[in-house]
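The following exercises are to be worked with the sequence and the structure at hand. Each task is followed by a solution in steps.

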Amino acid sequence: MKKHKIAVYAITKNEEKHVDRWVNSMKEADAIYVLDTASTDKTVEKLKKYKNVYVTTKKFNLWRFDKARNESLAMVPEEFDICVCTDLDEVFEKGWRKKLEDSWKKDTTRAQYNYNWSLDENNKPIVNFYISKIHSRNNYHWTHPVHEVLTPKTNLDNVITINDITLNHYPDEKKSRSSYLPLLELSVKEEPMDDRNVHYLGREYMYYGRWNEAIDTLIKHLSLPTALWKDERCASMRFIGRCYKKMGRYEESKMWYQKACIEASYLRDPYIEGALLYYELEDWENVIDWVKKALTIKTKAKSYINEVFSWNETPYDLLAIAYYNIGNYVLAYKYSTLALKENPEDERLKKNKSIIKEKLNSI
């Protein structure tokens, strides 16, 4: 027996290839509401074929994600108890509705759950963290032009955690994110003291290779009184180090990686990024030192900030190369084996192991 009336809502544009999979995943809800933002493919046509899927089309002259999300939420009738915001490239694992209803209490207003932001070819999570886009019908709205946030309208925000609900993300890598930079600049202009978006803007400048602007913006993030989350502060420091490395200013890069390690010594990422810098400088002893420190960290934080290279074959690959270059072929072979175990199809790793084995046999 259904305990609540549940609606899924979303925004979309030109995502016809995702429609069938997405609707099949979301159909445990009582109804699905989609705001199409002027698709030119068959997205709308395909959505309208499904029962209990309601579609409205609107073209925005000035695009903002928060405005579009709020208009899609407004499509959901007031009679619904729970709203579930997803995108068409996302898929719930089956049985999510029952788990939601079993966990939702009388005073609950929002739920956080597992989000696999990226998965490998075997559907194994690479980057996993919590998101909280399931909420009560009223009292919430979306804020910020990009990297939009579900924000309570009052102080009432009772969040529960449902660990056995999982949403998987299957992004279209060809989709442009060119609108993000101007929207982030607008977001920071509107709220210059918002530490989250200042961090995102600095990161975006880095993605565009605008190193000096990235450094200045990320330093601004670190100076904000609300920038207290160590994981994000560590990431800003790493990104500054990354920018200085790209500019060939290696001493400054080293300094910022060291700062990042001090800021969040429980994360692998600053140690592996530091090791990658020393790899580039062919400083093999420091490569070994920094990677070994990283490998003492066994727990992967549940955060969107996790870097893939900290938890895949990269640490072992770096050690194999470093030990090879200092003439310790036994350890080089050991770590090349571990690297290949993490990524058994990689041709470069196979070749490296073969070279090391030949060297060992020749001794």
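## Exercise 1: A histidine in a hairpin

His144 has a relative accessible area of 9% and is therefore buried. The model examined here and in the exercises below is a predicted one.

**Task.** Determine where His144 is found and what is unusual about its phi.

**Solution.**

Step 1. Locate the residue. His144 sits in the loop that links E8 and E9.

Step 2. Describe the flanking strands. Strand E8 (residues 140–143) pairs with E9 in the antiparallel sense, over four bridges. Thr143 has Val149 in E9 as its bridge partner.

Step 3. Examine the backbone. Most residues other than glycine have a negative phi. His144, although not a glycine, has a positive phi near 85°. The hairpin of E8 and E9 in which this value occurs has five residues between the strands.

Step 4. Check the burial. Buried means under 20% relative accessible area; His144, at 9%, is therefore buried.

## Exercise 2: A second positive phi

**Task.** Establish whether Glu282 is buried or exposed, and in which loop this residue lies.

**Solution.**

Step 1. Place the residue. Glu282 belongs to the loop between helix H10 (269–280) and helix H11 (284–295).

Step 2. Read the backbone angle. Glu282 is not a glycine, yet its phi is positive, about 55°.

Step 3. Apply the cut-off. Exposed means over 50% relative accessible area. The relative accessible area of Glu282 is 57%, so Glu282 is exposed.

## Exercise 3: The surroundings of an aspartate

**Task.** Which residues does Asp157 contact, leaving aside its neighbours within four places in sequence?

**Solution.**

Step 1. Find the position. Asp157 is in the loop between strand E9 (149–152) and strand E10 (159–169).

Step 2. Classify the accessibility. The relative accessibility of Asp157 is 26%, so this residue counts as partly exposed.

Step 3. List the contacts. With those sequence neighbours set aside, Asp157 is in contact with Thr109, Arg110, Tyr140 and Pro152.

Step 4. Consider one distance. Ser136 is 21 residues from Asp157 along the chain, and their C-alpha atoms are separated by 9.7 Å.

## Exercise 4: The eight-stranded sheet

**Task.** Give the strand order of the open sheet, and state which helices lie on the strands.

**Solution.**

Step 1. Recall how strands join. Strands of a sheet pair through backbone hydrogen bonds, either parallel or antiparallel.

Step 2. Write the order. The eight strands run E3-E2-E1-E4-E7-E6-E10-E5, with mixed pairing. At the edges are strand E3 (53–57) and strand E5 (90–92), each of which pairs on one side only. On average, neighbouring strands of this sheet are turned by 30° against each other, direction ignored.

Step 3. Take one pair. Strand E2 (residues 31–36) and E3 run parallel and are joined by five bridges. Ile32 stands opposite Val53 in E3.

Step 4. Add the helices. Helix H1 (residues 19–26) lies across strand E1 (6–12), E2, E3, E5 and E10, and runs at about 30° to E5. Helix H3 (residues 65–74) also packs on the sheet, where it touches E1, E2, strand E4 (82–85) and strand E7 (125–136). The direction of H3 makes about 145° with that of E1.

## Exercise 5: Two helix pairs

**Task.** Describe the packing of H12 with H13 and of H6 with H8.

**Solution.**

Step 1. Choose the descriptors. Two packed helices are described by the angle between their axes and the distance between the axes.

Step 2. Treat H12 and H13. The axes of helix H12 (residues 314–325) and helix H13 (residues 329–342) come within 7 Å and cross at roughly 160°, so these helices are roughly antiparallel to each other. The contact includes Tyr316, Leu319 and Tyr323 of H12 and Leu331, Tyr335 and Leu338 of H13. Its residues divide into 11 nonpolar, one polar and two charged.

Step 3. Treat H6 and H8. The axes of helix H6 (residues 195–207) and helix H8 (residues 230–246) come within 10 Å and cross at roughly 25°, so H6 is roughly parallel to H8. Among the contact residues are Asp195, Arg196 and Arg203 of H6 and Glu232 and Arg242 of H8. This contact comprises four nonpolar, two polar and five charged residues.

Step 4. Note the handedness. H12 passes H13 in a left-handed crossing, and H6 passes H8 in a left-handed crossing.

Conventions: Residues numbered from 1 in each chain as written. Predicted model: local features only at pLDDT ≥ 70, side-chain atom pairs only at ≥ 80, totals over all residues. Heavy atoms only, no water. Axes fitted to C-alpha atoms, helices over the stretch in contact; angles between N-to-C directions. Parallel < 35°, antiparallel > 145°, perpendicular 65-115°, else oblique. Left-handed = near helix turned anticlockwise from the far one by under 90°. Contact = heavy atoms within 4.5 Å. Nonpolar A, V, L, I, M, F, W, Y, C, P; charged D, E, K, R; others polar. Buried < 20%, exposed > 50% of the residue type's maximum accessible area, 1.4 Å probe, protein only. Pairing = 2+ DSSP bridges.
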